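Here is a walk through one protein model, written for someone who would rather be at the bench. Have a look at the sequence and the fold, then read on.

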Amino acid sequence: MTTTTTSIFDAFRIDLDEHNDCRERLIKASRDVTNISKKTIFLLHRIVLETPRDSDTAPSAIRAARRGRENLGQVHLIYATMKDELVGDRFWRYERQVSPGLQEYIEALSFAHFLEHGTLITLPQVQQTLCDSDGVPLFPLTISDYLLGISDLTGELMRYAISGLSKRGGRSQAMDTLAFVRNCKADFDLFTPSVPYLSKKQSVTAQSMKKIEEAAYAIVVRTSEYDLSPEMLDDLVAQTLAGNERKRKGRDSDDEFDSR
């Protein structure tokens, strides 16, 4: 083998080594982003369900959104370190390694935005959180990643609506959330032919919507039997749900004892 041929293959080897190293770094960073985003979602759910203290001046949803955004600041730091790896055409080369964590981040960010504003976060608003101090995007946000991340939001809204039924005002909160999820599904269905994997996520959205409907309608039917004020109905629903939860835990304990 001539010297020229050897040098050519050495260049190929260096290029492949650099590609694999970059790919592994991006996969690890994406996993870190996913981990932070999932923890942020858990944080949002926990704070929303907390009983407000006398010193709290903001509603629990607003406090949760603020804490969530602070937590997601770690994601921005990670993406800032990835900026040089994703310059120009390199982003499209490594998009598959970036997408999983990015979609999880969008899900967490959109949940925090919904808690604070009650609306759907837009693509430019998400892109704005992925910019450096000069307002230059760290990398382009594709429509596919945006839609796939937003589609995952409906699962968290289902948990938010059902878990909130035990709180005062939970009935109206569940109905408002249900209307929001319905609109999301109707709008996203239009994009399913153009965005890969979106149809699969839309089927999950349909399941989440059905669960909210079943919980909300059951509450509406039962509460229609009583001529009480909305506040007293909320207290009645909370007591009923708490009693059902205690019964469920009791059955689980009995089953565990019998299995022993």
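## Ground rules

Helices here are DSSP runs of H or I with at least four residues, strands are runs of E with at least two, and both are numbered from the N terminus. This is a predicted model, where local features need pLDDT of at least 70, side-chain atom pairs count only at pLDDT 80 or more, and totals for chains, interfaces and linings use all residues. Residues are numbered from 1 along each chain as its sequence is written, and side-chain values use heavy atoms, with hydrogens and water left out.

## The overall picture

The protein has nine helices and zero strands, so going along the sequence you read α-α-α-α-α-α-α-α-α. Of its 260 residues, 40% are buried, where buried means under 20% relative accessible area, exposed means over 50%, and partly exposed is in between (1.4 Å probe, protein chains only).

How are the contacts spread along the chain? Take the contacts (heavy atoms within 4.5 Å) with a separation of 6 or more: residues 24 or more positions apart account for 73% of them. On the outside, the protein exposes about 15,300 Å², with carbon and sulfur atoms supplying 54% of that area. Accessible areas come from the Shrake-Rupley method with a 1.4 Å probe, and for residues only the protein chains shown count as cover.

## Helix α2 and its link to α1

Helix α2 takes in residues 60-82, which is 23 residues, and reaches 34 Å from its first C-alpha to its last. That is close to the 33 Å expected at 1.5 Å a residue; the expected span is 1.5 Å times one less than the number of residues. Its buried residues include Ser60, Ile62, Arg63, Gly68, Leu72, Val75, Tyr79 and Met82.

Gly73 lies in α2 as well, but with 29% relative accessibility it counts as partly exposed. Its C-alpha is 9.1 Å from that of Thr129, with their positions 56 residues apart in sequence.

Over in helix α1 (residues 3-49) you find Leu26, which counts as buried because its relative accessibility is 1%. Leu26 and Met82 are 56 residues apart in sequence, yet 7.4 Å apart in space, C-alpha to C-alpha. Leaving out residues up to four places away in sequence, Leu26 touches Met82, Glu85, Leu86, Tyr94 and Gln97.

## Around α6, α7 and α8

Helix α6 has 21 residues and reaches 31 Å from first C-alpha to last, close to the 30 Å expected. It is mostly covered, with 15 of its 21 residues buried. Helix α7 has 19 residues and reaches 26 Å, close to the 27 Å expected. Among the buried residues of α7 are Gly170, Thr177, Phe180, Val181, Cys184 and Lys185.

Is Thr205, in helix α8, buried or exposed? It is buried, because its relative accessible area is 1%. Not counting residues up to four places away in sequence, Thr205 touches Ser151, Thr154, Val181 and Lys185.

## The largest pocket

About 270 Å³ of space lies in the largest pocket. On a 1 Å grid over the protein atoms alone, a pocket is an open set of points with protein on both sides within 12 Å along at least five of seven lines, where a 1.4 Å probe fits, and lining residues have an atom within 4 Å of a point. Grid points are joined across faces, edges and corners, and the volume is the space filled by probe spheres set on the points.

Which residues line the largest pocket? They are Glu95, Arg96, Ser99, Gln103, Ser144, Asp145, Leu148, Val195, Pro196, Tyr197 and Lys201. The elements that give two or more residues to this lining are α4 (95-117) and α6 (143-163), and α4 gives the most, with four. By class the lining has four nonpolar, three polar and four charged residues. Here Ala, Val, Leu, Ile, Met, Phe, Trp, Tyr, Cys and Pro count as nonpolar, Asp, Glu, Lys and Arg as charged, and the others, Gly among them, as polar.

## Two loop residues

Tyr197 is found in the loop between α7 (170-188) and α8 (198-223). It has a positive phi of about 75° although it is not a glycine, and it counts as exposed because its relative accessibility is 65%.

Thr122 has its place in the loop between α4 and α5 (123-128). With 35% relative accessibility, Thr122 counts as partly exposed. Thr122 and Tyr146 are 24 residues apart in sequence and 8.7 Å apart in space, C-alpha to C-alpha.
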